[in-house]
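Student: I would like a close look at one strand pairing. Please start there, then work outward through the rest of the model.

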Amino acid sequence: MHAPIQPKTPPLRRVRRALMLVAPLALVTPFASAQRGGASQSSVDVSLTSGYAKLGEEVRIVIRATVSGNREVGGLESIELPEVEGLDFGRVMGPSTSSRFEMDGRGRMVGTQTLTYAVAVAASRVGTFEIPRFPLRIDGRDITAPDAPMTLKVLEDIEGSRALVLELEELPARVFEGEPYTFDLTIGWSMGVRGGSVLLQVPWWGRQDGVIELQPQLTGAERGFPIDRRGRSELAVSDLGVRDRDGAPYQLYRLRRRFVATRPGTVSFPRTVLEVSRGRGRDALYQVVPEFSIEVVPVPEEGRPLDWTGAVGPIEVSRDAQRRDIDLGDSLELSVRYSGSGNLEFFEAPKLERVEGFERFRVLASTDEKTPFMRAIEYELVPMGPDVTEVPPIPLSVFDPESGGYVTIATEPMTIRVSGAASDEEDPFAGLGSGEVPEGRAPTLRDIQPRPVTTGPRSTGGGPGAGAGLIALLVAFGGWVTTRRAVRRSGDPGGRRARAKRGALGALRRELRGADGPGARALALERFLAARTGTSPGEWIGRSSLVGSVDGASAALERSFTELRERLDRAAYQGGAAAPGDDEVVALARRIVQEVR
Amino acid sequence: MFARTTRGALALLFLMSGLLLGADSAHAQAEDGAGPGATLWRTGDRDAAVRAWTEALEAAEAPAAERARLAYNLGVAAHRDEDPLLAVAWFTACLRLDPRHRDARANLAIARTDAALEDADGGGPASAVLGWARRYTRSEAEWLAVLGSVLLLAGGLLEAFRGRPARMALFLGVAVQPVMWAPLAVAIASDVPDAHMVVEPRGLQVHPMPEPGTDKVGKLAAGDVVEALDELPGWRKVRFEGEERWVRASGLAPLDLDPGL
């Protein structure tokens, strides 16, 4: 018998298989030994991403810490960036981490880890800037880097300035606190610029302390203009369409916003940059509005009228009313509108009750609608007599930034006609508004209660609720009916026998109080037993046992009764023997009541 | 035994009479330690006093009786400011918090007369009964109703166990029910959620929309109490003849100063 023939593995193939098994070990072992015992090397490199940049283009300082060996690299702990006139340094970004492994000369695996930080550098003008060496602490070491000062040369973007439009309408160098100012920026690019994306860098937007942006007047036809690289934030700009500039077509947009500085100080506007990237292989284009600032000064105290409530700037006023011919008692809806470039939202509406000439009007209500472009106040007024022929002017004190002084603007007086009432009885204001409290009335009004308020819990707990009362009522009724029915099963509790049984002990006490001897006591006891058992008193004459008439009496009770009864009989019929007292009789009766129901 | 029962009955009678007569709240009048509002009032700065009381009313974590006192003071101030309608609103608000506030009740009558408002209860014996029933807060009225039920149960049990001789107890238990339930019934009947009162002497025009130019669909008279449903700047939505309508907010004053209760 022959065994089946197995194909033989060729010798070369067997060697290859062995190598495949061993190779992973060969890869891991040197790496492990490097991790265990190899010495680490570290280095820090600080450099600019570019020595040249267009004005508006962002350049970065890159800080790179590298460690190769058996430990992890330590992070950046502190950095003191220098101050360079014309350059702004952003915040430190990062780190980003990278690791790689490679064989060293002896075939061992060596790991290298790198931490990279970046600081944005923004130039506010064209020129050559030298960034000195600066101290930093990284990877647990204090160093000063780089080895030599870095030089950044910022050039004007000739092509960008030709192809892009970024024009800011001139802003005042100084405004008064509360005076609105307008930021009006035209943005655009030549139609010859192809491809890519646009970005408007306005790093100060929404970050100016004490400055309020007034609600823009949007038409709905605006488009969103990106203001960050990730496209998360946009500003609504008006599309001006394609317009001709110096003989070439440009696509133009307008960013127009109004702001109000609410406190004195300086409002800074760092540089604004328009960046248009043109796709792969072509440099981006930049156009820049240099940084500037506005000084905010307080509104002067001198000459300030007492009734000034914060109105600043050129403000105009007009008034109107739907009806000017009304009956006495009807209301007049007076509309007062303020317009202009002043701070229309930031002053109080005039209170007519305090305005001279409105004593003959009753102000029912007012509404106040505020927008940055129009302030509309509606007063509902009721003239208080047919002699009222005019709605007086409504003044408003305004600070005029141009003259630096206060002025008063006022509505024009408005003629009205009020049809009078035929008699006092029809006059709705007869007796009202005279300001007089009838004689003898005021003294009877009780005075205020001057005690200070005692603080404490607002509520000491509410009631149980109306439902609880209703439920209690139902329970009461149900309880009465149920109990009555249960009690009636064993007879009428109001019947003569039941009442005699309940009152037996009391009757016994009363009889004993009037009893003059053992015979009378024995008689009282017999009546008590008869009432309790529903029998006649005659049945108990001479009986010295409860058995047969009182069910459930204990042997002890039976003995006590027999003994008491015999003592009573002996005292009554034989004389001489000590008769039981009233207390003993009552005590026995009470035991009978308690033990025998 | 009899003496004990008598004592218990007398105690119960005392408790009942205290509850049913509704003892007026005591209000000390001492000026010592007067609150800041009262001090301003005494020095003649009434506007500042009103501001102080209003702020205290809005801010104070105070028991209902204390808040009622602030509302009372504001009512006095409104009356002195020749606005009896607003005074009526403040005194009414005070009485909703502290129904047995004697001074507020007295001043409310004066203010109603000065504001040319009719007697809210129509006068006569019914007015007296309603006046008595209104001397209880809602929670007190609920407890009185529960107590009435307990008395009925007690009378019923007595009758059940004692039969005919105890029928009088049951009769009394039944007879006392209208008295014990009247305050709760009146409270439920006159309950207006988030009640507001018209404090404009000429009344308030009722609009279908919160716009001045819209047609007027009716009018609320001075002193009318309405349920407020919503609010917009300058306007308040109210229930008017079963419909949701709008009136000028400045002509309404809230009566419920403690909606948390």
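How many bridges join strand 7 of chain A to strand 10 of chain A, and in which sense do these strands run?

Tutor: Five bridges join them, and the strands run antiparallel. Keep in mind that this is a predicted model. Strand 7 covers residues 127–131 of chain A, and strand 10 covers residues 150–155. One opposed couple can be named: Phe129(A) faces Leu152(A) of strand 10. Strand 7 has two distinct faces. Gly127(A), Phe129(A) and Ile131(A) make up the covered one. Thr128(A) and Glu130(A) make up the uncovered one. Phe129(A) therefore belongs to the covered face and stands opposite Leu152(A). In general, strands of a sheet pair through backbone hydrogen bonds, in parallel or antiparallel fashion.

Set this pairing against the whole chain. Chain A holds eight helices and 32 strands. It has 597 residues, and 38% of them count as buried. Take the contacts in chain A with a separation of 6 or more: 68% of these come from residues 24 or more positions apart.

Next, a sheet whose strands lie close by in numbering. Strands 4, 8 and 9 of chain A form an open sheet of three strands, in the order 4-8-9, with antiparallel pairing. Strand 4 (76–79) and strand 9 (141–145) are the edges; each has a single partner strand, so one side of each has no neighbour in the sheet. From one strand to the next, the twist averages 25°. Strand 8 (residues 134–138) pairs with strand 9 through five bridges, in the antiparallel sense. Within that pairing, Arg137(A) has Asp142(A) in strand 9 as its bridge partner.

Now the rings. Over all chains, the count is 21 aromatic pairs. One of them is Trp204(A) with Phe259(A), an edge-to-face pair with 6.5 Å between centres and 65° between planes. These two are 55 residues apart, so to speak from distant parts of the chain: Trp204(A) sits in the loop between strand 14 (198–201) and strand 15 (211–213), and Phe259(A) in strand 18 (residues 248–261). Trp204(A) counts as buried because its relative accessibility is 3%, under the 20% limit. Phe259(A), at 5%, is buried too.

Trp204(A) has another ring partner in Phe269(A). Their centres are 4.8 Å apart and their planes meet at 70°, so this pair is edge-to-face. Phe269(A) lies in strand 19 (residues 265–269) and Trp204(A) in the loop between strands 14 and 15, so the pair ties together parts that are 65 residues apart in sequence. Phe269(A) is buried, as is Trp204(A). The ring pairs build up a cluster: Tyr181(A), Phe183(A), Trp204(A), Trp205(A), Phe259(A), Phe269(A) and Phe292(A).

Rings also meet charges. Arg375(A) lies over the face of Phe347(A), 4.6 Å from the ring centre. The charged end of Arg543(A) sits over the ring of Trp540(A), at 4.2 Å from its centre.

Turn to the helices. Helix 6 of chain A (residues 518–533) has 16 residues. It reaches 22 Å from first C-alpha to last, close to the 22 Å expected at 1.5 Å a residue. Its buried residues include Arg521(A), Leu525(A), Phe528(A), Leu529(A) and Arg532(A). Charged Glu526(A) is on that list as well. Their cover includes helix 4 (496–502), helix 5 (504–514), helix 7 (555–574) and helix 8 (582–595) of chain A. Just after helix 6, Gly534(A) takes a positive phi of about 75°.

The loop between helix 6 and helix 7 holds Ser544(A). Ser544(A) is partly exposed, at 29% relative accessible area. Its C-alpha is 9.3 Å from that of Arg559(A), 15 residues apart along the chain. Leaving out residues up to four places away in sequence, Ser544(A) touches Glu558(A), Phe561(A), Thr562(A) and Arg565(A).

Last, a stop in chain B. Gly223(B) is placed in the loop between strand 3 (218–220) and strand 4 (225–232) of chain B. Gly223(B) and Val198(B) are 25 residues apart in sequence, yet their C-alpha atoms are 5.0 Å apart. Beyond neighbours within four places, Gly223(B) contacts Leu85(B), Leu117(B), Met197(B) and Val198(B).

Terms used. Residues are numbered from 1 along each chain as its sequence is written. Chains are lettered from A and ligands numbered from 1 in the order in which they are written. This is a predicted model: local features need pLDDT of at least 70, side-chain atom pairs count only at pLDDT 80 or more; totals for chains, interfaces and linings use all residues. Side-chain values use heavy atoms; hydrogens and water are left out. Helices (H or I, at least four residues) and strands (E, at least two) are DSSP runs, numbered from the N terminus. The expected span of a helix is 1.5 Å times one less than its number of residues. Buried means under 20% relative accessible area, exposed over 50%, partly exposed in between (1.4 Å probe, protein chains only). Contact means heavy atoms within 4.5 Å. Two strands pair if DSSP finds at least two bridges between them. Axes are lines fitted to C-alpha atoms, for helices over the stretch in contact, and angles run from 0 to 180 degrees between N-to-C directions. Rings of Phe, Tyr and Trp (its six-membered ring) pair if their centres lie within 6.5 Å; planes under 30 degrees apart count as stacked, over 60 as edge-to-face and the rest as tilted. A charge sits over a ring if NZ of Lys or CZ of Arg is within 6 Å of the ring centre and within 35 degrees of the ring normal.
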